[in-house]
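Have the model open in your viewer and a selection box ready. We will go from stop to stop, and at each one there is something to select and something to look at.

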Amino acid sequence: MRRAGLALDDLHAARAGCRARDRLETVPVAELLRDAVAVWRPVARARGRDLRLEWRPADAAVRGDRLRLAQACGNLLANAIEHGNGPVRVRSRAAGARVRIEVIDDGPGLPAPVAALARRPRAGRGPRGRGLAIAAEIATRHGGRLAAAPAAGGGRVVLELPVAGQAVRARPA
């Protein structure tokens with residue numbers, strides 16, 4: 001219901017050329033990722049794929065809009081499930097003032113850097129093809145970034161966010 005409400009808020013704000021304001025709260029990363037994996041695991045299983053969560057520190061949290069962060073994580077999982085091969089692994093760790101969330105698969109990897117993929121026009125792709133762009137924008141608005149990381153094989157997309165309590169200069173919605 002909260003996601004549906006957010007979509008309606010976005011539609012209302014779109015008339016003014018913007019989107020609904022982020023609703024900031026402290027979001028435990030372990031909870032965010034557990035929820036995202038639980039939502040996407042049935043989709044992965046239906047495609048014959050395994051979805052695994054590998055988490056280190058259970059106490060890290062970020063400051064942000066829980067629904068938008070869930071949307072970003074969901075977009076990364078959906079891409080890995082659809083375009084990758086083998087198991088999809090979600091890893092996370094806190095490193096200093098940042099939380100690093102990695103979505104890893106054994107597929108072909110990204111065809112271009114995340115920034116280039118996020119800038120591509122949607123023309124000809126119908127309603128699909130904007131997941132990375134949306135995730136990148138959410139990351140930026142939360143003072144973080146989205147990028148591809150080197151991998152021995154397959155794809156590795158990294159969402160980095162500031163740990164809650166760190167000074168953040170997030171972009172407005």
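Does Arg23 count as buried, partly exposed or exposed? Select Arg23 and show the surface: at 44% relative accessibility, Arg23 counts as partly exposed, because that class runs between the 20% limit for buried and the 50% limit for exposed. Keep in mind throughout that this is a predicted model.

**Stop 1: around Arg23**

Arg23 sits in the loop that links helix H1 (2-14) to strand E1 (24-28). Now add Arg63 to the selection. Arg63 and Arg23 are 40 residues apart along the chain, and 9.8 Å separates their C-alpha atoms.

**Stop 2: the whole chain**

Zoom out and colour by secondary structure. You will find 5 helices and 7 strands in the protein chain. Followed from the N terminus, the elements read α-β-α-β-β-α-β-β-α-α-β-β. The protein chain has 173 residues, and 41% of them count as buried. If you draw the contacts with a separation of 6 or more, 68% of them are between residues 24 or more positions apart. Switch on the surface and about 9,500 Å² is exposed, with 52% of that supplied by carbon and sulfur atoms.

**Stop 3: helix H5**

Next, select residues 131-141, which form helix H5. Why is H5 described as largely enclosed by the rest of the structure? Because 8 of its 11 residues are buried. To see them, pick Gly131, Leu132, Ala133, Ala135, Ala136, Ile138, Ala139 and Arg141. Then bring in the cover over these buried residues, which includes H3, helix H4 (114-119), strand E6 (145-148) and strand E7 (155-162). Before you leave, step on to Gly143: just after H5, this residue takes a positive phi of about 80°.

**Stop 4: Ala72, facing H5**

One of the elements covering H5 is H3, and Ala72 lies in that helix. Select Ala72 and look for exposed surface: the residue is buried, with a relative accessible area of 0%. Which residues does Ala72 touch, once those up to four places away in sequence are set aside? They are Ala135 and Ile138, both among the buried residues of H5. For a backbone distance, try Ile134: its C-alpha atom is 6.9 Å from that of Ala72, although the two are 62 residues apart along the chain.

**Stop 5: the cavity**

Rolling a probe the size of a water molecule over the atoms shows where empty space is left. Here the structure holds 1 cavity of 30 Å³ or more, and the largest cavity contains about 40 Å³ of space. To frame it, select Leu33, Ala36, Val37, Cys73, Leu76, Leu77, Val90, Ile101 and Val103, which line it. Helix H2 (29-46), helix H3 (66-83) and strand E5 (98-105) each give at least two residues to that lining. Colour the lining by residue class and you get 9 nonpolar residues, with no polar and no charged ones.

**Stop 6: Glu102**

Stay on strand E5 and select Glu102, which belongs to it. Is this glutamate buried or exposed? Glu102 is buried, because its relative accessible area is 7% and the limit for that class is 20%. Show the side chains of Glu102 and Arg156, and you can draw a polar contact of 3.1 Å between them. Beyond its neighbours within four places in sequence, Glu102 is in contact with Arg89, Val90, Arg91, Arg156, Val157 and Val158. Val90 may look familiar from the cavity lining.

Definitions and conventions:
Residues are numbered from 1 along each chain as its sequence is written. This is a predicted model: local features need pLDDT of at least 70, side-chain atom pairs count only at pLDDT 80 or more; totals for chains, interfaces and linings use all residues. Side-chain values use heavy atoms; hydrogens and water are left out. On a 1 Å grid over the protein atoms alone, a cavity is a set of points where a 1.4 Å probe fits but cannot get out, and a pocket is an open set with protein on both sides within 12 Å along at least five of seven lines; lining residues have an atom within 4 Å of a point. Grid points are joined across faces, edges and corners, and a volume is the space filled by probe spheres set on the points. Helices (H or I, at least four residues) and strands (E, at least two) are DSSP runs, numbered from the N terminus. Ala, Val, Leu, Ile, Met, Phe, Trp, Tyr, Cys and Pro count as nonpolar, Asp, Glu, Lys and Arg as charged, and the others, Gly among them, as polar. Buried means under 20% relative accessible area, exposed over 50%, partly exposed in between (1.4 Å probe, protein chains only). A polar contact is a pair of N or O atoms within 3.5 Å; within protein, one must be able to donate a hydrogen and the other to accept it, and residues adjacent in sequence count only if both atoms are side-chain atoms. Contact means heavy atoms within 4.5 Å. Accessible areas come from the Shrake-Rupley method with a 1.4 Å probe; for residues, only the protein chains shown count as cover.
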